[in-house]
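Q: I'd like a close look at one part of this structure: the nonpolar core and the elements that build it. Please keep to what can be read from the model, and tell me where to be careful.

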Amino acid sequence: MVRAMPAHPSSRPYSALEPFRERFAEGLPVLCYHKLGPLPPDVKMPSLYVSSELFAWQMRQLRDEGFASASLDEWRASAHEGRRIVITFDDGSRTLMRHALPVLAECGFRAIVYLVAGAIGGVNHWDVAAFGEVPDALMSDVDVREWLAAGHEIGAHTVTHCRLTRVPLGQAREEILARLSRELPQAVDRYTPDGRLPG
Ligand SMILES: [Zn+2]
C-alpha cells in the first residue's frame, strides 16, 4: 500500500502528481487527509491541514489523469481495474462537509472517513490534550448521515483515538471493536456518545 500524505502548502507542498506518478502506477495508492480549509490561528500541526483550493486541485488533477476512486471493498479484494486511488480522511473533521463533499461530487469520487466513535459531534480532544492543539469540530451524527447519503463510506478510528499499543488489552479490544461501524455502515444510527454499539 502506498500511503501518501499530501500536506498543507505551508509545510510540505504537494502541488503536482508528477513526483508520485511512478509510485501511483505501482499499485493502489491510498491518500490520507485529515482536515481541509484555512489554517486556524495558533495551529500546532499545520501538516494536518490541506487548503480547500489545493484539495480541489489535487482531486481535479487525479480525475483529469483518468483516476477513479476505489471503495474499501475493492481495495481489500484488489478487484480494481485501471487507474484507481483510495481517498481517506482520518479523524472525521467537520471541515470535510464544506470542503470535500462538493469537490468529491464534482469529480465523481467516493471517499472514506475514519471516525473516532466516541467523539462524534465533538472535537479532536486527543490533540488538544497532547499538544495544546486548536480544537477542531468533528462530524456529527447528522453530518455522518449526509456523508453516507452522498455515497461515501465510513470506517472506525478507535473509540477515543488512543494509542492501541499503550493501553491494556481489554481497552484495546473495545477500541478495535468499534470497527463494526465500518463493517455495518448502517450502524451509524446506533452510535452513542461513548461509541458503543447497543446489544
Ligand atoms: Zn487520527
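A: Happy to help; what follows starts with the overall setting, goes into the core and its elements, and ends with some cautions.

Please keep in mind that this is a predicted model, where local features need pLDDT of at least 70, side-chain atom pairs count only at pLDDT 80 or more, and totals for chains, interfaces and linings use all residues. Residues are numbered from 1 along each chain as its sequence is written.

The protein chain has 9 helices and 8 strands; these are DSSP runs numbered from the N terminus, with helices being H or I of at least four residues and strands E of at least two. Of its 199 residues, 30% count as buried. Buried here means 20 or more other C-beta atoms within 10 Å of the residue's own, exposed means 12 or fewer, and partly exposed lies in between, with C-beta atoms placed from the backbone. Among contacts with a separation of 6 or more, 63% come from residues 24 or more positions apart, a contact being two C-beta atoms, placed from the backbone, within 7 Å.

Now to the core. The largest nonpolar core holds 35 residues, and Ile85, Ala111, Val113, Leu115, Ile120 and Met139 have the most contacts inside it. Such a core is a set of buried Ala, Val, Leu, Ile, Met, Phe, Trp, Tyr and Cys residues joined through C-beta atoms within 7 Å. Among the elements that each supply at least two of its residues are strand 2 (29-33), helix 2 (52-64), strand 6 (84-91), strand 7 (111-115) and helix 7 (141-149). Strand 7 gives the most, with 5 residues.

Ile85 shows how the pieces meet: beyond its neighbours within four places in sequence, its contacts are Pro29, Leu31, Leu62, Phe67, Ser69 and Ala70. Pro29 and Leu31 belong to an alternating pattern along strand 2, where Pro29, Leu31 and Tyr33 point to one face and are buried, while Val30 and Cys32 point to the other and are not. Strand 2 runs parallel to strand 6, and 4 bridges join them; strands count as paired if DSSP finds at least two bridges between them. Cys32 sits opposite Thr88 of strand 6.

Helix 2 comes next. Its 13 residues should span 18 Å at 1.5 Å a residue, and the end C-alpha atoms are indeed 18 Å apart; the expected span is 1.5 Å times one less than the number of residues. Phe55, Gln58, Met59 and Leu62 are buried in helix 2. Seen down the axis, these buried residues fall within an arc of 95°, so they line one face of the helix; the arc is that of the directions from the helix axis to the C-beta atoms. They pack against strand 3, strand 4, strand 6, helix 4 and helix 5. After helix 2 comes Gly66, with a positive phi near 95°.

Helix 7 can be read in a similar way. Asp143, Val144 and Trp147 are its buried residues, and they fall within an arc of 100° seen down the axis, so they line one face. Helix 4 (95-99), strand 7 and strand 8 (153-156) are among what covers them. The face turned away carries the exposed residues Asp141, Val142 and Ala149. Gly151, which follows helix 7, has a positive phi near 95°.

For a backbone check, look at Asp91 in strand 6: its phi is positive, about 90°, although it is not a glycine. Asp91 is buried, because 22 other C-beta atoms lie within 10 Å.

Finally, the cautions. The chain's mean pLDDT is 80, and 79% of its residues reach 70 or more; pLDDT is the predictor's confidence in each residue, from 0 to 100. Residues 7-13 stay under 50, and the model gives them 17 contacts beyond four places in sequence. Residues 186-199 are also below 50, with 20 contacts beyond near neighbours in sequence. Where pLDDT is low, the predicted coordinates should not be read in detail.
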